[in-house]
Amino acid sequence: MTTTIQENGNQLIALFNGRLDTVASIPTAEAVKPLLEASNREIILDCSQLEYISSSGLRIFLSIRKEAASHGSKVIVRNISADIRQVFMMTGFISLFEIQ
């Protein structure tokens, strides 16, 4: 699992590649720290290469959303697969995030 953060104007884009399972959640949580500190930015969580997300991964997404809201930032989840969309629907995350 790799996580890359890119800056594009007022956007911070996190690219997730691989399986965001319990083992991968520890380094991923460290990699997304710049997103937690962003103020008044648009945060894009690009899941086009995300193959799987566990409850640990969902907690990371939720913490990003919570911190973003407290700093006036907006979070958008992009390019989720049908399988991950199903996980988002089953857990109620589909209503917590703007999905594109």
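A nonpolar core is a set of buried Ala, Val, Leu, Ile, Met, Phe, Trp, Tyr and Cys residues joined through side-chain atoms within 4.5 Å. The exercises below use this term on a predicted model.

**Exercise 1. State how many residues the largest nonpolar core has, and which elements give two or more residues to it.**

Solution. Start with the count: the largest nonpolar core has 25 residues. Next, find its best-connected members: Leu45 and Phe61 have the most contacts inside this core. Then turn to the elements: E2, E3, H3, E4 and H4 each give two or more residues to the core.

**Exercise 2. List what phenylalanine 61 is in contact with, leaving aside its neighbours within four places in sequence.**

Solution. Begin with the residue itself: Phe61 is among the buried residues of H3. Now list its partners beyond four places in sequence: phenylalanine 61 is in contact with Phe16, Leu20, Leu45, Cys47, Leu50, Ile53, Phe88 and Phe97. One of these, Leu45, shares with Phe61 the place of most contacts inside the largest core.

**Exercise 3. Describe helix H3: its span, its buried residues and what covers them.**

Solution. First the span: H3 covers residues 55-70, and its 16 residues reach 23 Å from the first C-alpha to the last, close to the 22 Å expected. Second, the buried residues: these are Ser56, Gly57, Leu58, Ile60, Phe61, Ile64 and Ala68. Third, the cover: it includes the strands E2 (11-20), E3 (42-53) and E4 (74-78), together with the helices H1 (22-31), H2 (33-36) and H4 (82-91). Last, what comes after the helix: H3 is followed by glycine 72, which has a positive phi near 75°.

**Exercise 4. Give the strand order of the open sheet and place two helices against the sheet's strands.**

Solution. The open sheet has five strands in the order E1-E2-E3-E4-E5, and its pairing is mixed. At the edges are E1 (2-8) and E5 (98-99), each of which pairs on one side only. Inside the sheet, E2 and E3 pair in the parallel sense over nine bridges. Glycine 18 stands opposite leucine 50 in E3. Now add the helices: H3 lies across E2, E3 and E4 and runs at about 175° to E3. H4 packs on the sheet, touches E3, E4 and E5, and makes about 110° with the direction of E3.

**Exercise 5. Decide whether isoleucine 84 is buried or exposed.**

Solution. Isoleucine 84 lies in helix H4. Its relative accessible area is 2%. The cut-off for buried is under 20%, so isoleucine 84 is buried. Leaving aside neighbours within four places in sequence, isoleucine 84 is in contact with Leu50, Glu51, Tyr52 and Ile53.

Conventions:
Residues numbered from 1 in each chain as written. Predicted model: local features only at pLDDT ≥ 70, side-chain atom pairs only at ≥ 80, totals over all residues. Heavy atoms only, no water. Helix = DSSP H or I, 4+ residues; strand = E, 2+ residues; numbered from the N terminus. Expected span 1.5 Å × (residues − 1). Buried < 20%, exposed > 50% of the residue type's maximum accessible area, 1.4 Å probe, protein only. Contact = heavy atoms within 4.5 Å. Pairing = 2+ DSSP bridges. Axes fitted to C-alpha atoms, helices over the stretch in contact; angles between N-to-C directions.
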